[in-house]
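Got your viewer open and a free hand on the mouse? Load the model and follow along, one selection at a time.

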Amino acid sequence: MNFDQISEAMVAYPELESPSFLQGLLMGLMCGDSDLKESAWVKRILEEADIKSVKESFLLVLHELYLEAEKGLNGSGFELELCLPDENESLKFRAAMLGQWCEGFLYGMGLVGQDEGKLTGDVSELFRDFGDIARIEILDLEEPTDEEESDFMQLMEFVRIGVLTINEELNPVEGSPVMTQQPPTDSLH
């Protein structure tokens with residue numbers, strides 16, 4: 001699902017900020033709690049936003065968002081796409097949404113009890129960086145230069161790789177055991 005599709009489904013729920021914030025929140029919850037179930041995240045979002053009733057179409061969007069986030073975090077790393085406006089939107093708007101994405105991510109991590117004081121190493125540093133990006137200054141981006149466009153693309157990639165790093169650090173996946181012996185066969189020697 002892209003930014004516009006999610007945005008359209010969220011029109012009735014302005015409490016949820018933006019598609020970027022929503023995906024960031026979900027990713028933060030998933031990185032902070034690797035056992036997070038889909039029903040638990042939907043319930044948590046509705047409670048946090050104080051939403052009393054939802055349309056079935058919105059629940060389907062949340063379902064798709066959950067599946068894509070799970071695939072993005074647990075796949076090869078290439079599947080993870082940040083939910084941001086496309087390149088036809090102004091850099092100012094895209095930068096604001098990247099800031100909201102990071103704000104949502106940190107909010108989600110906070111909801112599951114992960115805060116900067118408990119984290120160490122790269123994760124702690126990324127936490128601070130995401131906090132800086134959440135406060136991104138967008139006033140000077142009315143007429144961006146090619147260099148500012150390039151900087152923004154690098155910042156998006158930094159956030160994407162940062163999320164994967166945080167997830168890997170907090171939720172390491174154990175590899176298959178190394179086979180040291182030949183597996184048994186049915187033939188006799």
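Here is a short walk through the model, from the overall fold down to single side chains.

**The whole chain**

Keep in mind as you click that this is a predicted model. Start with the cartoon view. You should find seven helices and zero strands, so to speak a plain run of α-α-α-α-α-α-α from the N terminus on. Along the principal axes, the C-alpha atoms fill a box of roughly 75 × 45 × 35 Å. Of the 189 residues in the protein, 40% are buried.

**Stop 1: the loop between α1 and α2**

Select glutamate 17, which sits in the loop between α1 (3-9) and α2. What is the sign of its phi? The value is positive, near 70°, and this residue is not a glycine. Most residues other than glycine have a negative phi. Glutamate 17 counts as partly exposed because its relative accessibility is 47%, and the cut-off for exposed is over 50%.

**Stop 2: an aromatic pair between α2 and α5**

Now show the side chains of phenylalanine 21 and tyrosine 107. Aromatic pairs are described by the distance of the ring centres and the angle of the planes. There are five aromatic pairs in the count. For the rings of phenylalanine 21 and tyrosine 107, the centres are 6.1 Å apart and the planes are at 45°, so this pair is tilted. Phenylalanine 21 belongs to helix α2 (residues 19-32) and tyrosine 107 to helix α5, so the contact ties together parts that are 86 residues apart in sequence.

Switch on a surface to compare the two partners. Phenylalanine 21 is buried at 10% relative accessibility, while tyrosine 107 is partly exposed at 39%.

While you have rings on display, add Trp101, Phe105 and Phe130. These form one aromatic cluster.

**Stop 3: a salt bridge within α3**

Time for charges. Side chains of opposite charge can pair when their charged atoms come close. The whole structure has five salt bridges, and three of them are on this tour.

Pick lysine 43 and glutamate 47. Their closest N and O atoms are 3.9 Å apart, and the two form a salt bridge. Why do these two sit about one helical turn from each other? Lysine 43 and glutamate 47 are four residues apart in helix α3 (residues 38-48), which means a separation of about one turn. Both residues are exposed.

**Stop 4: the loop after α3**

Move on to aspartate 50, in the loop between α3 and α4. Aspartate 50 is not a glycine, yet its phi is positive, at about 55°. Bring up lysine 52 as well: lysine 52 and aspartate 50 form a salt bridge, with 2.7 Å between the closest N and O atoms. Buried or exposed, these two? Both lysine 52 and aspartate 50 are exposed.

**Stop 5: a salt bridge between α5 and α7**

Next, select arginine 94 and glutamate 149. Their side chains meet in a salt bridge at 2.8 Å, N to O. This pair links distant parts of the chain, with arginine 94 in helix α5 and glutamate 149 in helix α7 (residues 146-170), 55 residues apart. Arginine 94 counts as buried because its relative accessibility is 3%; glutamate 149, at 26%, counts as partly exposed.

**Stop 6: a negative patch**

Go back to the surface and colour Asp4, Glu8, Asp86, Glu87 and Glu89. Together these residues form a negative surface patch. Zoom in on glutamate 87, found in the loop between α4 (56-74) and α5 (91-111). Glutamate 87 has 60% relative accessibility, so it counts as exposed.

**Stop 7: two distances to try**

Finish with the distance tool, going C-alpha to C-alpha. Lysine 71 lies in helix α4 and is exposed, with a relative accessible area of 55%. From lysine 71 to valine 123 you should get 21 Å in space, with their positions 52 residues apart in sequence.

Then try asparagine 171, in the segment after α7. This residue is buried, at 16% relative accessible area. How far is asparagine 171 from methionine 153 in space? The distance is 27 Å, and the two are 18 residues apart in sequence.

Technical notes:
Residues numbered from 1 in each chain as written. Predicted model: local features only at pLDDT ≥ 70, side-chain atom pairs only at ≥ 80, totals over all residues. Heavy atoms only, no water. Patch = residues over 30% accessible without salt bridge, like charges linked within 9 Å, V, L, I, M, F, W, Y side chains within 5 Å. Areas by Shrake-Rupley, 256 points an atom, 1.4 Å probe, with all protein chains shown as cover. Salt bridge = Lys/Arg side-chain N within 4 Å of Asp/Glu carboxyl O. Lys, Arg positive; Asp, Glu negative; His and termini not counted. Charge placed at Lys NZ, Arg CZ, Asp CG, Glu CD. Buried < 20%, exposed > 50% of the residue type's maximum accessible area, 1.4 Å probe, protein only. Phe/Tyr/Trp six-rings, centres within 6.5 Å; stacked < 30°, edge-to-face > 60°.
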